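Consider the model shown here and how its parts are arranged. The text below goes from the whole chain to single residues.

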Amino acid sequence: MNYPDVFADIGNVNLFSGRVILRPEELEPLPTELIGKPDGKRLIENRLDSRMRYRKGGTEIAILCAENQSDICNAMPVRDMGYQYVNYMDQIKHFQGKPEGKKAF
C-alpha cells in the first residue's frame, strides 16, 4: 500500500465506490513513523502501515492513512485515534513553524 498506484486503487474502491478520485501522481508517500506525547509526558512512537499526502492542483488536500489487519482487533479504532492525534499535532507544528520536538502551544 506504500506505492501511490496501489494506494489510489484501494482508496478509490473503498472510499469512492470505484470512481477515480485519487490519482497516483497526486499522492506522495510520507514517513510512517509518528512520534508524539499524547499524555504530555513521555514520547511514544507509532508506526502506521501507510501514509500519503494528497495534493490536487498544487494544493495539499489531505493526509490519508491506511492500516492493514489480518485479524479482528477491537482496540484498532482507539489505536487509530492515537495515530491521528499525533498526525494532527505534527501538522500544527508544521504550520506554526516549530521545529520537531518543540511544543506547538
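What follows describes the overall fold, then the strands, the cores and two individual residues.

The model is predicted. Its chain contains two helices and five strands, and along the sequence these elements follow the pattern α-β-β-β-β-β-α. Along the principal axes, the C-alpha atoms fill a box of roughly 45 × 40 × 20 Å. Of the 105 residues in the chain, 28% are buried. Counting contacts between residues at least 6 apart in sequence, 37% join residues at least 24 apart. The accessible surface is about 7400 Å², and carbon and sulfur atoms account for 54% of that area. The chain carries 15 positive and 15 negative charges, and the mean positions of the two sets lie 9 Å apart.

Strand β4 is a useful place to begin with the details. It spans residues 50-56. Five of its seven residues are buried, so strand β4 is largely enclosed by the rest of the structure. Which strands does β4 pair with? One partner is β1, residues 27-29, which pairs with β4 in the antiparallel sense over three bridges. In this pairing E28 stands opposite R53 of β4. Another partner is β5, residues 59-66, which runs antiparallel to β4 and is joined to it by seven bridges. Here R51 stands opposite C65 of β5. Strands β4 and β5 form a hairpin with two residues between the strands, and in this hairpin G57 takes a positive phi near 60°.

The nonpolar cores come next. In soluble globular proteins, nonpolar side chains tend to be buried together. The largest nonpolar core in this chain has eight residues: F7, A8, L22, L27, M52, Y54, L64 and A66. Helix α1 (4-16), β4 and β5 are the elements that give two or more residues to this core. A second, separate core has five residues, among them L34, L48, Y83 and V86.

L22 belongs to the largest core. Setting aside neighbours within four places in sequence, L22 is in contact with A8, G11, N12, F16, Y54 and L64. Of these partners, A8, Y54 and L64 are also listed in the largest core.

Two residues remain to be described. Is R53, in strand β4, buried or exposed? The relative accessible area of R53 is 17%. The cut-off for a buried residue is under 20%, so R53 counts as buried. Apart from neighbours within four places in sequence, R53 is in contact with E26, L27, E28, L30, E60 and A62. One of these, E28, is the residue that stands opposite R53 in the pairing described above. R53 and I63 are ten residues apart along the chain, and their C-alpha atoms are separated by 4.5 Å.

F95 lies in helix α2, which covers residues 76-96. Where the cut-off for an exposed residue is over 50%, F95 has a relative accessible area of 62% and is therefore exposed. The C-alpha atoms of F95 and E60 are 12 Å apart, with their positions 35 residues apart along the chain counted as separation. E60 is also one of the contacts of R53.

Technical notes:
Residues are numbered from 1 along each chain as its sequence is written. This is a predicted model: local features need pLDDT of at least 70, side-chain atom pairs count only at pLDDT 80 or more; totals for chains, interfaces and linings use all residues. Side-chain values use heavy atoms; hydrogens and water are left out. Helices (H or I, at least four residues) and strands (E, at least two) are DSSP runs, numbered from the N terminus. Buried means under 20% relative accessible area, exposed over 50%, partly exposed in between (1.4 Å probe, protein chains only). Contact means heavy atoms within 4.5 Å. Accessible areas come from the Shrake-Rupley method with a 1.4 Å probe; for residues, only the protein chains shown count as cover. Lys and Arg count as positive and Asp and Glu as negative; His and the chain ends are not counted. The place of a charge is taken as NZ of Lys, CZ of Arg, CG of Asp or CD of Glu. Two strands pair if DSSP finds at least two bridges between them. A nonpolar core is a set of buried Ala, Val, Leu, Ile, Met, Phe, Trp, Tyr and Cys residues joined through side-chain atoms within 4.5 Å.
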